[in-house]
Amino acid sequence: MDNNLEKERDLILQEYSADYEDENPAEMIIYLSLTPEIHYQIQLNFKNFPEKPEIILPSALKQEIGDPNRFLTHLREWDPHNPPHIVEIIRELEGILQHIIYPNDEMENVMMEFNAHMSGPYRLHVLLYSYKMKTYEFDIIHKKPHPPSLSFSPELEKILKVNELRTLPKWPRFSLIDIVREISRKIDNRTRILDELKKLEKRNDIQKSVRRSLNGKLTINTRIQIETNEFCELEIKLSEEFPLAPPEMELKNVSDDKIREEMNELLISQYNQWQHATTIVELLDDVKAFLKNKSKLICQICHHYKCPKCGKPIQTQIRGISGENECRKNCADCQASFHRCCWVEQIKLMRKCPVCLTPKTILF
Ligand SMILES: [Zn+2]
Ligand SMILES: [Zn+2]
Ligand SMILES: [Zn+2]
């Protein structure tokens, strides 16, 4: 074996990890580890040394930084009569790579606030977590002074498109950190809304229709109906800030106008006491419970319309006809409605009205 080649090879091995076959020691694969995440395999052939060696970069890297014969001074100015050591070329290459995989100032800000690392030249890889630890990934490619460009993973593309971002076209007025924050907020908003809609979908007792308006707001029209056919209709608006901002719930229609005001109060208190983890379904369940509570046709003991004992309703739907088709008792003191069967059992036990607590001794 040529002593010169062996010497060149050994100089490389002192500094870099590399592979080669014994029969071809001048054909090496050099492993460059620039960060814990970025590694490159560089093919090197210097069997004709001191003639100019051949350096082959991975194709993706070559696309990003070009032909090493042009950007490496050692190769560009190669002189076979006064050649540098091969290891010096690798050092030069490593230096250049180190420089371009170094985050710029805007990228550094993103790395402080989010889970992000450099994944290639001018390329920052960002990982965002959302509900139920679901992850969304994307790359920011940013070679200043050019504006940044973004590349979303297919999973992220399903819920958000790059052209929906408001901050990106306004770079540099908005910097990378503003762009990533917007993406993060939008992901949280959309995954949360998808989750809410899935929960709503499972509820057969709540009619709903959903539409998205141009300003990004989502409107859900719902109708909650209880077994007495009493109902209310609510319009729920979810802004792009949801769930940081509460849902706006508006009462559109209610079967009993007398409870409209009280129901509006309930909606206002839900709005004011909004907590991010509350779900829309939970809010609607509160509304439904309220509806049942206020109904004169729902027994305030068993909370049903039809009596669990005799099967008759508190009141038949046709006014003026009453009697044997009904199972009804109203408390003379508070006017609350009960099934007669439920009332009898309750008075035997409590000896008072379960709503107003007025003592009751007469069973019927
Ligand atoms: Zn009852
Ligand atoms: Zn009954
Ligand atoms: Zn009472």
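Reader: Which elements do the buried residues of helix 6 pack against?

Author: This is a predicted model, and in it the buried residues of helix 6 pack against strand 5 (115-120), strand 6 (123-129) and helix 8. The residues concerned are Glu-106, Met-107 and Val-110, within a helix that takes in residues 105-113. Seen down the axis, these buried residues fall within an arc of 100 degrees, so they line one face of helix 6.

Reader: Which exposed residues does the face of helix 6 turned away from its buried side carry?

Author: That face carries Asp-105 and Met-112, both of them exposed.

Reader: How should I read the sheet that holds strand 5 and strand 6, and in what order do its strands stand?

Author: As a general idea, strands of a sheet pair through backbone hydrogen bonds, either parallel or antiparallel. In this case 4 strands form an open sheet in the order 5-6-7-8, and the pairing is antiparallel. Strand 5 and strand 8 (149-152) stand at the edges with a single partner strand each, so one side of each is left without a neighbour in the sheet. Neighbouring strands of this sheet are turned by 25 degrees against each other on average, when direction is ignored.

Reader: How many bridges pair strand 7 with strand 8, and which residue stands opposite Asp-139?

Author: Strand 7, which covers residues 135-141, pairs with strand 8 in the antiparallel sense over 4 bridges, and Ser-151 in strand 8 is the residue opposite Asp-139. Helix 8 lies across strand 6 and strand 7, and it runs at about 30 degrees to strand 6.

Reader: What is the strand order in the open sheet that begins with strand 1?

Author: This open sheet of 4 strands has the order 1-2-3-4, with antiparallel pairing. Its edge strands are strand 1 (17-21) and strand 4 (54-56), each of which pairs on one side only. Here the neighbouring strands are turned by 25 degrees against each other on average, direction ignored. Strand 2 (residues 24-33) and strand 3 (residues 39-45) run antiparallel and are joined by 7 bridges, and Tyr-31 stands opposite Gln-41 in strand 3. Helix 1, made up of residues 3-15, lies across strand 1 and strand 2 and runs at about 15 degrees to strand 2.

Reader: Which side chains of strand 10 point to the buried face, and which to the other?

Author: The general idea is that in a regular strand the side chains alternate between the two faces of the sheet. Along strand 10, Leu-218, Ile-220, Thr-222 and Ile-224 point to one face and are buried, whereas Thr-219, Asn-221, Arg-223 and Gln-225 point to the other and are not buried.

Reader: How many bridges join strand 10 to strand 9, and over how many does it pair with strand 11?

Author: Strand 9 and strand 10 run antiparallel and are joined by 7 bridges, with Gln-207 opposite Arg-223 in strand 10. These two strands form a hairpin with 5 residues between them, and Gly-216 in the turn has a positive phi of about 90 degrees. Strand 10 and strand 11 pair in the antiparallel sense over 8 bridges, with Gln-225 opposite Phe-231 in strand 11. Their hairpin has 5 residues between the strands, and Asn-229 takes a positive phi near 75 degrees in it.

Reader: Which residues of helix 10 are buried, and why do they count as being on the same side?

Author: The buried residues are Ile-280, Leu-283, Leu-284, Val-287 and Leu-291. They cover an arc of only 95 degrees around the axis, which puts them on the same side of helix 10. What covers them includes helix 8 (176-201), strand 9 (206-212), strand 10 (218-225), strand 11 (231-238), strand 12 (248-254) and helix 9 (260-272). As for its length, helix 10 (residues 280-294) has 15 residues and reaches 21 Å from its first C-alpha to its last, close to the 21 Å expected at 1.5 Å a residue.

Reader: Why does Ile-301 count as partly exposed, and which residues does it touch?

Author: Ile-301 counts as partly exposed because it has 19 C-beta neighbours inside 10 Å, whereas a buried residue needs 20 or more. Ile-301 sits in the loop between helix 10 and strand 13 (329-330). Not counting residues up to four places away in sequence, Ile-301 touches Phe-338, Cys-342, Gln-346 and Pro-354.

Methods: Residues numbered from 1 in each chain as written. Chains lettered and ligands numbered in written order. Predicted model: local features only at pLDDT ≥ 70, side-chain atom pairs only at ≥ 80, totals over all residues. Pairing = 2+ DSSP bridges. Axes fitted to C-alpha atoms, helices over the stretch in contact; angles between N-to-C directions. Contact = placed C-beta atoms within 7 Å. Expected span 1.5 Å × (residues − 1). Buried ≥ 20, exposed ≤ 12 C-beta atoms within 10 Å, placed from the backbone. Arc of directions from axis to C-beta.
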